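Colleague: Could you take a close look at the cysteines in this model and tell me how they are paired? Then work outward to whatever surrounds them.

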Amino acid sequence: MTQETRYITTPIYYVNDKPHIGHVYTTTLCDVYARAMRNFGHDVFFLTGTDEHGVKVEESAQKRGITPQALADENAAVFQSIMEMFSLTNDAFIRTTDPKHESQVQTLVSGLLASGDVYLGDFEGWYDSGQEEYHTENSARELDYKSPISGKPLVRATEKNYYFRLSAYQKKLEKLFADHPDFVRPSSRRNEVLGRLREGLQDVPISRTNFSWGIPMPDDPEHVIYVWIDALFNYITALDLGEEDKTLGKYWPANYHVVGKEILWFHAVIWPAILMALDLPLPKCIYAHSFWISEGRKMSKSLGNFIDLKEIDKYIDVYSMDAWRFYLVTQGPLGATDADFAAAKFHDVYNAHLVNTVGNCASRVTAMIEKYFDGAVPADNGEIFAETDWKSICSKAAACSQSAMETFSLQEAVECAMSIVRQVDLFINTTAPFKLAKDETKQEELGAILYQCIEALRISSILLHPVIPVKMDELHNALNVEMPKQNTSTALEWGGMEPGTTIQKVALFPRVEFATSE
Ligand code: ME8
């Protein structure tokens, strides 16, 4: 059987800002999916990177008296370092100043010029200089002629530009949305895009002449390719689709382009139209999550309340990396509403789910096996007077977790795995092994109970591994089992824990003092 591929991407991040919780969040979501897909035996390509051209980078570099390339190198290195810092398992890191990316963008744009999808024309519109984005009359009016991001007035601008013939793709895009209701998720975001699409599409300028830090238009170096077009191409240049050798092309089309809600239009409308023009298959889903806010307030430069790497470090120091990942994935703005990052909530979630559920269950089960069976996993041959069909509970939870991962319903995937842990706890309370331990005639029953517990715990730990990999590795060490390297399906079957295996007691998530951001 040929192995299925999975391709997932984050947006590529601007190098004129420092990384913060938002960047870490999107990349962590993709990481969880990538890890889970690898576990399920798929051939995965997980891409992230940096967006390095454009007037903002040029200006920031000027202010610091360095070249735009030096600024890009410096900040790309910071973004690259977060991959290791947060145990993120990206397969590649693309930079739009990579010569390989630049030359492919030129090849791809030449193709669009040749097909007539890109042409030279006059442009008049409302320009948001901060965002480097043009608005039509309609959308500018709706925005009250102000930038939706900076609040600064939009300016009327005219210039000779290369255009992409977006208007020619109106019908095809409408058909795409009608035929593939899951093309944009969540559905509320899809409705927003559809609403705007129905207003009608106009051609979009894809070149600029007011700055030089970018990829020159093929055969017309006065024009620089608009940073957004340059950036969108990263998803295919990273796979060498603009090169002769297209070995990595096997990963295209992407299963998920995961983005924040503010950049959905580019991904859900402009990008598919460009791909249609290039005759390339379309991504399967654009997943647009909402935003983190901080302690009830929007994060902004003026408030200075960005949860930056320094702030994140404090949480990792006190609670652990896995606790950070768990909070982001389970409490984050994956759906249609923004999520509040609050220190008190972080603490409560840590206690409720990690200390009192995963940690407590693992330490109870391992401690009892150590105490009553000298640390050797007992055999599963006693009769238990409790109606719990563990084999079916675990296989259902594994199937649920797996299909939720496939559909990028990450919170549901975690919940399915956690449900096993919760049932183990309940099972311990109803069967009361600590009482049976006092009766020598009940040794076999006691052993059987603890076998069910440790086996169910082992299965849940494989499902939780993509979210809390460090702690689950620690648990696997203590249980003397290995995380399967490829394809977990056999490992997820009931009965994998060998009786007689020597295990050790574990304390995975210690209780900690409440950390405030002071
Ligand atoms: O837009 N909450 O780059 P960027 C959650 N270079 N996620 C957030 C967030 C928040 N408060 N703030 C940012 C760009 N993000 C372009 C993209 S792609 C071809 C080009 C995340 O550095 C979210 O994923 O501004 C958002 O889309 C991305 O960071 C924007 O990063």
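Modeller: The count comes to 1 disulfide. This is a predicted model, and what follows is computed from it. The bond joins Cys 400 to Cys 416, with a sulfur-to-sulfur distance of 1.7 Å. The pair links distant parts of the chain. Cys 400 sits in helix α14, and Cys 416 sits in helix α15, residues 410-431. The two cysteines are 16 residues apart. Cys 400 is partly exposed, at 27% relative accessible area. Cys 416 is buried, at 8%.

Now the cysteines without a bond. Cys 394 is in no disulfide. Its nearest cysteine sulfur belongs to Cys 453 and is 11 Å away. Cys 394 counts as buried, with 1% relative accessibility. Why does Cys 361 not bond to Cys 453? The sulfur of Cys 453 is the closest cysteine sulfur to that of Cys 361, but the distance is 7.0 Å, so it is too far for a bond. The cut-off for a disulfide is 2.5 Å between the sulfur atoms. Cys 361 is also buried, with a relative accessible area of 0%.

Helix α14 leads on to the empty space in the model. The structure holds 1 cavity of 30 Å³ or more. Its space comes to about 60 Å³. Three elements give two or more residues each to the lining: α1, α14 (390-406) and α17 (443-464). The lining residues include Ala 36, Asn 39 and Phe 40. Ser 401 and Met 405 are also among them, as are Ile 462 and Leu 463. Pro 466, Thr 488 and Leu 492 line the cavity too. By type, the lining divides into 7 nonpolar and 3 polar residues, with no charged ones.

Helix α1 brings us to the charged pairs. Side chains of opposite charge can pair when their charged atoms come close. A search of the whole structure finds 24 salt bridges. One of them joins the side chains of Asp 31 and Arg 35, at 2.9 Å from N to O. Both residues lie in helix α1, residues 21-39. They are 4 residues apart, about one turn of the helix. Are these two partners buried or exposed? Asp 31 is buried, with a relative accessible area of 0%. Arg 35 is buried as well, at 14%.

A second salt bridge reaches out of α1. The side chains of Arg 38 and Asp 91 meet at 3.2 Å, N to O. Arg 38 lies in helix α1, while Asp 91 lies in the loop between α3 (68-85) and β3 (92-95), so this pair ties together parts that are 53 residues apart in sequence. Asp 91 counts as partly exposed, at 38% relative accessibility.

Compare a pair in another helix. Lys 175 forms a salt bridge with Asp 179, and their closest N and O atoms are 2.5 Å apart. Both lie in helix α6, residues 170-179. The spacing is 4 residues, about one turn of the helix. Lys 175 is exposed, with 53% relative accessible area. Asp 179 is partly exposed, at 43%. Helix α6 also holds Glu 174. That residue is partly exposed, at 31%. Glu 174 and Leu 29 are 145 residues apart in sequence, and their C-alpha atoms are 29 Å apart in space.

Some charged residues join in a network. Glu 4, Arg 6 and Glu 406 are linked in this way by salt bridges.

Last, a sheet. Strands of a sheet pair through backbone hydrogen bonds, either parallel or antiparallel. Here 3 strands form an open sheet in the order β9-β11-β10, with antiparallel pairing. The edge strands are β9 (207-208) and β10 (216-217), and each pairs on one side only. Strand β10 pairs with β11, residues 220-225, over 2 bridges. In that pairing, Pro 216 stands opposite Val 224 in β11.

To return to your request: the bond to note is the one between Cys 400 and Cys 416. Cys 394 is in no disulfide, and the sulfur of Cys 361 is too far from that of Cys 453 for a bond.

Definitions and conventions
Residues are numbered from 1 along each chain as its sequence is written. This is a predicted model: local features need pLDDT of at least 70, side-chain atom pairs count only at pLDDT 80 or more; totals for chains, interfaces and linings use all residues. Side-chain values use heavy atoms; hydrogens and water are left out. A salt bridge is a side-chain nitrogen of Lys or Arg within 4 Å of a carboxyl oxygen of Asp or Glu. Buried means under 20% relative accessible area, exposed over 50%, partly exposed in between (1.4 Å probe, protein chains only). On a 1 Å grid over the protein atoms alone, a cavity is a set of points where a 1.4 Å probe fits but cannot get out, and a pocket is an open set with protein on both sides within 12 Å along at least five of seven lines; lining residues have an atom within 4 Å of a point. Grid points are joined across faces, edges and corners, and a volume is the space filled by probe spheres set on the points. Ala, Val, Leu, Ile, Met, Phe, Trp, Tyr, Cys and Pro count as nonpolar, Asp, Glu, Lys and Arg as charged, and the others, Gly among them, as polar. Two strands pair if DSSP finds at least two bridges between them.
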